[in-house]
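Here is a short note for someone opening this entry for the first time. Please read it with the sequence and the structure at hand.

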Amino acid sequence: MTNHKSLTVLGRSNSSNVQKVMWLLDEIEQPCVRVDVGGQFGGNKDADYLARNPNGVVPTLIHGEVVVWESNTILRYLANHFRASGLYPTDSVERSWVDRWLDWQLSSLAPANRDLFMRIIRTPVDQRRPEAIEEARARNAERFGLLDRFLERSEYLSGASFSISDIAVGPLAYRWFALPVERPNYRNVQRWYDLLCKRDAFRKHVLEIGLS
Ligand SMILES: N[C@@H](CCC(=O)N[C@@H](CS)C(=O)NCC(=O)O)C(=O)O
């Protein structure tokens, strides 16, 4: 589908929530402009930013006159708008298989994953607390263990094909694999993650950005 309204993503490239949006835009071949906001760039607490996104977090999507925030909502919006039904099915049952993992990512995996990331990458070495890191590691191991059991019988998170639920969870799986922590041998998560690593857009927007 051709796009006559411009797409702008406000958010720094090393934010996992921005990465989801950039990854999907690449998958559906929609060009966009990304503007560095948040983190070291700031701007996300400025009045004009807050007028668009009252949470003061990134990402925010601007599509012509339309403003969308909450990264998983942005994924659904883009998939709907550009009719990417392969990535977000229109059938109500199949759609629920995608939605449940989007909700799981936001409510269950993200808090544990963010905690582990912040306690290592965003904490100076001399201030790191091993017991807090271990507690966050164990919570992540428990979440990925659940995923591992599910992926025993499913190629991707929402069934036989890749969807926006894989995009939502992928950047956090990258952090789990890249952070210097002990991991149980989750064969099914590893198999699924290897599939993600074959995708150019995942490599470009997640792997090549790295941990920062
Ligand atoms: N649930 C929100 C979370 C957004 C969020 O927490 N964004 C982080 C970056 S991943 C943020 O804006 N942090 C403040 C900053 O970058 O300055 C979403 O999925 O969009």
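The points below go from the whole chain to two helix pairs and one residue.

1. Status of the model. This is a predicted model, and the points below should be read with that in mind.

2. Secondary structure. The protein chain has eight helices and four strands. Read from the N terminus, the order of its elements is β-α-β-α-β-β-α-α-α-α-α-α.

3. Overall dimensions. The radius of gyration of the protein chain is 17 Å, which agrees with the value near 17 Å for a compact globule of 212 residues. Measured out along the principal axes, the C-alpha trace extends over about 50 × 40 × 25 Å.

4. Burial and contacts. Of the 212 residues in the protein chain, 35% are buried. Among contacts with a separation of 6 or more, 69% join residues that are 24 or more positions apart.

5. Helices α5 and α7. How do the axes of α5 and α7 cross? They cross at roughly 80° and come within 7 Å, so α5 is roughly perpendicular to α7. On the α5 side the contact is formed by F144, L147, D148 and L151, and on the α7 side by N188, V189 and W192. Sorted by class, the residues of this contact are five nonpolar, one polar and one charged. In the sequence, α7 covers residues 187–197, while α5 covers residues 130–151.

6. Residue A141. Helix α5 also holds A141. Is A141 buried, exposed or partly exposed? A141 has 18 other C-beta atoms within 10 Å, and a residue needs 20 or more to be buried and 12 or fewer to be exposed, so A141 is partly exposed. Leaving aside residues up to four places away in sequence, A141 touches R183 and P184. A141 and S13 are 128 residues apart along the chain, and their C-alpha atoms are separated by 26 Å.

7. Helices α6 and α8. Helix α6 spans residues 164–178 and helix α8 spans residues 200–207. The two pack at an angle of about 55°, their axes lying 11 Å apart, which means that α6 is oblique to α8. Their crossing is right-handed. Which residues make the contact? From α6 they are G170, P171 and Y174, and from α8 they are F202, V206 and L207. This contact of α6 with α8 comprises five nonpolar residues, one polar residue and no charged ones.

Definitions and conventions:
Residues are numbered from 1 along each chain as its sequence is written. This is a predicted model: local features need pLDDT of at least 70, side-chain atom pairs count only at pLDDT 80 or more; totals for chains, interfaces and linings use all residues. The radius of gyration is taken over C-alpha atoms; the globule rule is 2.2 Å times the number of residues to the power 0.38. Two residues are in contact if their C-beta atoms, placed from the backbone, lie within 7 Å. Axes are lines fitted to C-alpha atoms, for helices over the stretch in contact, and angles run from 0 to 180 degrees between N-to-C directions. Angles under 35 degrees count as roughly parallel, over 145 as roughly antiparallel, 65 to 115 as roughly perpendicular and the rest as oblique. A crossing is left-handed if the near helix is turned anticlockwise from the far one by less than a right angle, and right-handed if clockwise. Ala, Val, Leu, Ile, Met, Phe, Trp, Tyr, Cys and Pro count as nonpolar, Asp, Glu, Lys and Arg as charged, and the others, Gly among them, as polar.
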